[in-house]
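Here is a short tour for anyone who likes to look at packing before running a calculation. Have the viewer open and follow along.

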Amino acid sequence: MLSPVLIFPGYANSGPGHWQSLWQAAYPQCQRITIPDWMRPQREVWVAALEREVARLGPDVLIAAHSMGSLTVAHWAAQTSLRIRGALLVAVPDPQGPAFPATASGYEDLPSLILPFPAHIIASRDDPYASMAFSQQCAQRWACALTDLGQAGHINAGSGLADWPQGWQTLQALSQS
């Protein structure tokens, strides 16, 4: 049986050319989280939405998160009692960085916890939303594996990844952990 995959985009959602949208179209086990306002991320609202979806999908769910979605997963992990199979955290943004969305609220402090599930951070050396040093700090703080994609921008549709088979393989490996 295939684990369900919860697609959790970041700020402004993921457009049709984004790897998350392509996965959702290609793999029937993928479902996208519903967020009331993709342009004004409110941590408590986004965390509550994640809590509802994980409760609905059950402990075998894998989360494929991008950007603000990744940061929300870490905040959710700090306050939930629910379990998941694992999480792929792509392009985690730095809430103290100059490009962090001004409309976001509740993300000022970075969670300090070892994630209670297998997780893998994928980062880029030229991501405008986070330095590689920040990504390394998150991986160390949260006890996650870290993959450095080199010069891949924000690891989104503009990065030219198409359906990003490497990311899908990394996500699927988490289900074996």
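## Ground rules

Helices and strands here are DSSP runs, numbered from the N terminus: a helix takes at least four residues in H or I, a strand at least two in E. Please keep in mind that this is a predicted model.

## A histidine in a loop

With those elements in place, we can put His154 in the loop between β6 (145-148) and α5. Is His154 buried or exposed? Its relative accessible area is 10%, so His154 is buried, the cut-off being under 20%.

The side chain of His154 also makes a polar contact of 2.8 Å with that of Asp127. Setting aside residues up to four places away in sequence, His154 touches His66, Ser67, Ala91, Asp127, Pro128, Tyr129 and Ser159.

## Two nonpolar cores

In soluble globular proteins, nonpolar side chains tend to be buried together. The largest nonpolar core in this model has 39 residues, and the members that touch the most others are Ile63, Leu89 and Trp142. At least two residues of this core come from each of β1 (5-8), α2 (43-57), β3 (62-66), α3 (68-77), β4 (86-90), β5 (119-123) and α4 (132-142).

Leu89 is a good residue to select in the viewer. Beyond its neighbours within four places in sequence, Leu89 is in contact with residues including Ala65, Val73, Leu115, Ile121 and Trp142. A second core, separate from that one, holds 17 residues, among them Trp19, Cys30, Ile155 and Leu174.

## Aromatic rings

Across the whole structure, a search finds nine aromatic pairs. One of them joins Tyr27 and Trp168, whose rings are stacked at 3.8 Å centre to centre with 5° between the planes. This pair bridges distant parts of the chain: Tyr27 sits in the loop between α1 (19-26) and β2 (30-32), whereas Trp168 belongs to helix α5 (residues 165-174), 141 residues apart.

The two partners differ in burial: Tyr27 is partly exposed at 26% relative accessibility, while Trp168 is buried at 11%. Both are part of one aromatic cluster, together with Trp19, Trp23 and Trp164.

## The buried face of α5

Which residues of α5 are buried? They are Gly167, Trp168, Thr170, Leu171 and Leu174. Viewed down the axis of α5, these buried residues fall within an arc of 160°, so they line one face of the helix. The cover over the buried residues of α5 includes β1, α1, β2, β3, β4 and β5.

Definitions and conventions
Residues are numbered from 1 along each chain as its sequence is written. This is a predicted model: local features need pLDDT of at least 70, side-chain atom pairs count only at pLDDT 80 or more; totals for chains, interfaces and linings use all residues. Side-chain values use heavy atoms; hydrogens and water are left out. A nonpolar core is a set of buried Ala, Val, Leu, Ile, Met, Phe, Trp, Tyr and Cys residues joined through side-chain atoms within 4.5 Å. Buried means under 20% relative accessible area, exposed over 50%, partly exposed in between (1.4 Å probe, protein chains only). Contact means heavy atoms within 4.5 Å. Rings of Phe, Tyr and Trp (its six-membered ring) pair if their centres lie within 6.5 Å; planes under 30 degrees apart count as stacked, over 60 as edge-to-face and the rest as tilted. The arc is that of the directions from the helix axis to the C-beta atoms. A polar contact is a pair of N or O atoms within 3.5 Å; within protein, one must be able to donate a hydrogen and the other to accept it, and residues adjacent in sequence count only if both atoms are side-chain atoms.
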